[in-house]
Amino acid sequence: MQTNFIKSSYKVVNRRHIRVKVMQSIYAMHQNGSDNMEKEEKFLFYSIDNIQDLYLTMISSLMEICKKEKEFLHKSSLKHLATPAERNPNEKFINNSVFQILAENNSLSIAMENRKIDAWTLHDDYIVLLLNAVKASKFYADYMRTAERSFEEDKQLIVDLFTEIIVPNEKLYEYLEDDKLTWIDDIPLVNTQIIKQLKALKPLENDNFTVPKVYKDSEDKEYARDLFRKTILNEAALAKEFVDKTPNWDSERIAEVDTIILKMAICEFLKFPSIPVKVTLNEYLELAKEYSTPKSSIFINGILDNLVKELEASKKLVKTGRGLM
């Protein structure tokens, strides 16, 4: 029986990460003093599309580790004074079912070709580094100790190696960070996605693995565009909604990221009727906790909470659909 990934509606980017990307794009626009919205919007979508390149780069590292070990075993067997173990090596690792699934999958090979993913061709020293770390691990030693194999054991090994050896590797992280600066905040998102897919592997007769789409659907892409445009085009008006509510803070003392988060949140309140108020509040408070100062989430929560009450009282807060408040 052939084993492959379960077919699913996996996506790389969720709404929270779209908000992060929009926030970063607006921040960069401010820092650069740029007023070219079209140019900045193109870069926004470029950075989002590149998340799939990161996904393909990370998952292909598994395939390249297997290839590199195959090469090593083959070269060792051809040595003039090869040992019996080198002439007849233990091939349990390179025959792991997950490696075979990835190597034979059409969806993955087509995506790699379309996106021109060949990072490891020029940087195979990182693959050697990862392979050495893999072979020095307890996971590898325990796996190779017995000749017996099962699909579950194969899968668990790859999950453990990816989670505990590949993902935390500092040299790999430095390489990814240097390759594309926009990947810094994408790495945890992509690695979480890959681990989720690896854990979901089931024995199947048909080839059902599909490379995740960048967006869940066209609405998510439209949301990214609309959030960026509506925030940028209405910055002055959005700022007026909270400036009077910060009597102890003059505008220059409020962190730049905080003002952007406030504008984006207020933009969602007023210009995205289908997004529930609670969702907007929760999402932007999480952004503040992760990307701004330690006190930012408390500051932003106070302003947005008071603003919601005012907007509700003045009937400016119009939401459509059930359960939106």
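Trainee: Why is helix α2 called roughly perpendicular to helix α9?

Mentor: The axes of α2 (residues 37-77) and α9 (residues 151-166) come within 12 Å and cross at roughly 110°. Angles of 65 to 115 degrees count as roughly perpendicular, under 35 as roughly parallel, over 145 as roughly antiparallel and the rest as oblique. That crossing angle therefore makes α2 roughly perpendicular to α9. This is a predicted model, in which local features need pLDDT of at least 70 and side-chain atom pairs count only at pLDDT 80 or more, while totals for chains, interfaces and linings use all residues. Residues are numbered from 1 along each chain as its sequence is written, and side-chain values use heavy atoms, with hydrogens and water left out.

Trainee: Which residues make the contact between α2 and α9?

Mentor: Contact means heavy atoms within 4.5 Å. From α2 the contributors are Met 58, Ser 61, Leu 62 and Ile 65, and from α9 they are Ile 158, Phe 162 and Ile 166. By class, this contact of α2 with α9 has six nonpolar, one polar and no charged residues.

Trainee: Why does Lys 68 count as buried?

Mentor: Buried means under 20% relative accessible area, exposed over 50%, and partly exposed in between, with a 1.4 Å probe and protein chains only. Lys 68 has 17% relative accessibility and therefore counts as buried. Lys 68 belongs to helix α2. Apart from neighbours within four places in sequence, Lys 68 is in contact with Asp 124, Ile 127, Val 128 and Leu 131.

Trainee: What makes α12 roughly perpendicular to α14?

Mentor: Helix α12 (residues 218-233) and helix α14 (residues 256-271) pack at an angle of about 110°, their axes being 10 Å apart. This angle makes α12 roughly perpendicular to α14. The contact involves Tyr 223, Leu 227, Lys 230 and Thr 231 of α12, together with Lys 263, Met 264, Cys 267, Glu 268 and Lys 271 of α14. Its residues divide into four nonpolar, one polar and four charged.

Trainee: Where is Glu 86 found, and with which residues is Glu 86 in contact, leaving aside its neighbours within four places in sequence?

Mentor: Glu 86 lies in helix α3 (residues 84-87). Beyond those neighbours, Glu 86 is in contact with Leu 73, Ser 76, Ser 77, Lys 79 and Leu 81. Glu 86 and Ser 76 are 10 residues apart in sequence, with a C-alpha to C-alpha separation of 5.7 Å. In addition, a polar atom of the Glu 86 side chain lies 2.9 Å from the backbone nitrogen of Thr 83.

Note on methods
Axes fitted to C-alpha atoms, helices over the stretch in contact; angles between N-to-C directions. Helix = DSSP H or I, 4+ residues; strand = E, 2+ residues; numbered from the N terminus. Nonpolar A, V, L, I, M, F, W, Y, C, P; charged D, E, K, R; others polar. Polar contact = N/O pair within 3.5 Å; in protein donor to acceptor, adjacent residues only side chain to side chain.
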